[in-house]
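Visitor: I should like to examine this model through its buried and exposed side chains. Please show me the structure before we begin.

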Amino acid sequence: MVAAFSSLSLRECVALFERDARQGTVFTGRYRLPYYVWGQGPPLVFIHGAADVSRSFLMTIAHLQPTFTCIAYDLPGHQGDGARLSQYRHDDLVHDLFALLDHLGVGQTAVLGSSFGGTIALRALKQAPTRLTHGILQGGLVHRPLKPLEWWLAWLARWLPGPTGRMPRREKILRAVHGEPFTGLDPEWWRAYVDWTGAARIATLGHQGRLLHQIDLRPDLPTVQQPVLVVAGDRDHVAPLSHAQLIQRSLPRATLHVLTGCGHVPAYSHPVAFAQAIRAFLSPGVPEAAPTPW
């Protein structure tokens with residue numbers, strides 16, 4: 001089945017999504033939250049990282065949806081969602097997650113947080129130990145205060161209009177930080193990463209940077225009692241392997257899984273390996289099922 005999975009192109013993943021996923025919007029009291037539900041089986045909620053979108057998980061979810069009901073949503077700050085980011089606290093992001101689960105009638109579920117999304121997943125795991133049964137942290141960040149220049153840029157970004165795709169030299173910077181793990185892959189995967197993350201607003205990135213600067217989740221780690229999978233790329237220059245190892249050692253019931261040759265965005269560059277790690281953690285011993293032919 002691995003060979004069948006790896007043969008899915010980006011176009012095929014998108015076609016499966018457009019055919020089978022259910023999309024909707026719910027007002028959380030703070031913004032109009034867009035989400036999609038795709039698959040069958042036990043639920044698994046996906047939370048994307050800073051300056052990204054829920055669509056980032058499409059290639060990974062395409063391989064998981066035969067055995068999991070995958071739920072993904074956009075964090076506040078996208079065009080037209082009504083979010084007032086200047087009034088947002090980090091706990092508000094956690095409350096938005098629970099508002100979505102209540103809207104969908106989801107009782108117990110596993111939760112996956114990528115990068116900045118991992119901070120939301122961690123706080124939610126602490127707050128709802130019976131409702132959230134398992135956690136998956138990919139490229140997790142628990143304490144990342146900004147350097148002085150980064151803080152100044154984040155402050156400035158909060159007031160700038162337009163999407164991040166208009167930022168000068170953006171793709172060149174992305175290539176330097178994230179490009180190596182895409183070497184040898186179909187160029188469509190890199191193009192999807194650049195284009196989909198380029199739709200995020202510059203102001204949203206600035207506000208997310210401000211929230212990241214303020215939080216310190218290290219004291220929370222020993223209190224999280226659920227099983228947690230810590231996923232790290234050995235070529236991750238944003239959340240290096242040493243950081244993942246520290247998180248894993250600080251969590252009472254955590255397992256570390258290292259993706260070889262992978263950077264900070266496995267949902268784009270290594271979706272099959274990422275999906276396999278998730279499945280092995282949540283459903284050990286259950287054989288992989290092929291996506292429904294489209």
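Visitor: Is Lys126 buried, partly exposed or exposed?

Guide: This is a predicted model in which local features need pLDDT of at least 70 and side-chain atom pairs count only at pLDDT 80 or more, while totals for chains, interfaces and linings use all residues. Residues are numbered from 1 along each chain as its sequence is written, and side-chain values use heavy atoms, leaving out hydrogens and water. Buried means under 20% relative accessible area, exposed over 50% and partly exposed in between, with a 1.4 Å probe and protein chains only. The relative accessible area of Lys126 is 38%, so Lys126 is partly exposed.

Visitor: Which residue meets Lys126 in a salt bridge at 2.9 Å, N to O?

Guide: A salt bridge here is a side-chain nitrogen of Lys or Arg within 4 Å of a carboxyl oxygen of Asp or Glu. The partner has 8% relative accessibility and therefore counts as buried. At 2.9 Å, N to O, the side chain that meets Lys126 is that of Asp220.

Visitor: How many residues apart in sequence are the parts that Lys126 and Asp220 tie together?

Guide: Helices (H or I, at least four residues) and strands (E, at least two) are DSSP runs, numbered from the N terminus. Lys126 lies in helix 5, and Asp220 in the loop between helix 9 (202–214) and strand 7, so the parts tied together are separated in sequence by 94 residues.

Visitor: Is Leu122 buried or exposed?

Guide: Leu122 also belongs to helix 5, which spans residues 116–127. Taking contact as heavy atoms within 4.5 Å, and not counting residues up to four places away in sequence, Leu122 touches Leu137, Val142, Leu217, Leu221, Val224 and Leu251. Its relative accessibility is 3%, so Leu122 counts as buried.

Visitor: Which residues have the most contacts inside the largest nonpolar core?

Guide: A nonpolar core is a set of buried Ala, Val, Leu, Ile, Met, Phe, Trp, Tyr and Cys residues joined through side-chain atoms within 4.5 Å. The largest one has 46 residues, and those with the most contacts inside it are Tyr73 and Leu251.

Visitor: Within what arc do the buried residues of helix 10 fall, seen down its axis?

Guide: In helix 10 (residues 241–250), the buried residues are His243, Ala244 and Ile247. Their cover includes strand 6 (132–138), strand 7 (228–233) and strand 8 (254–259). The arc is that of the directions from the helix axis to the C-beta atoms. These buried residues line one face of helix 10, because they fall within an arc of 100°.
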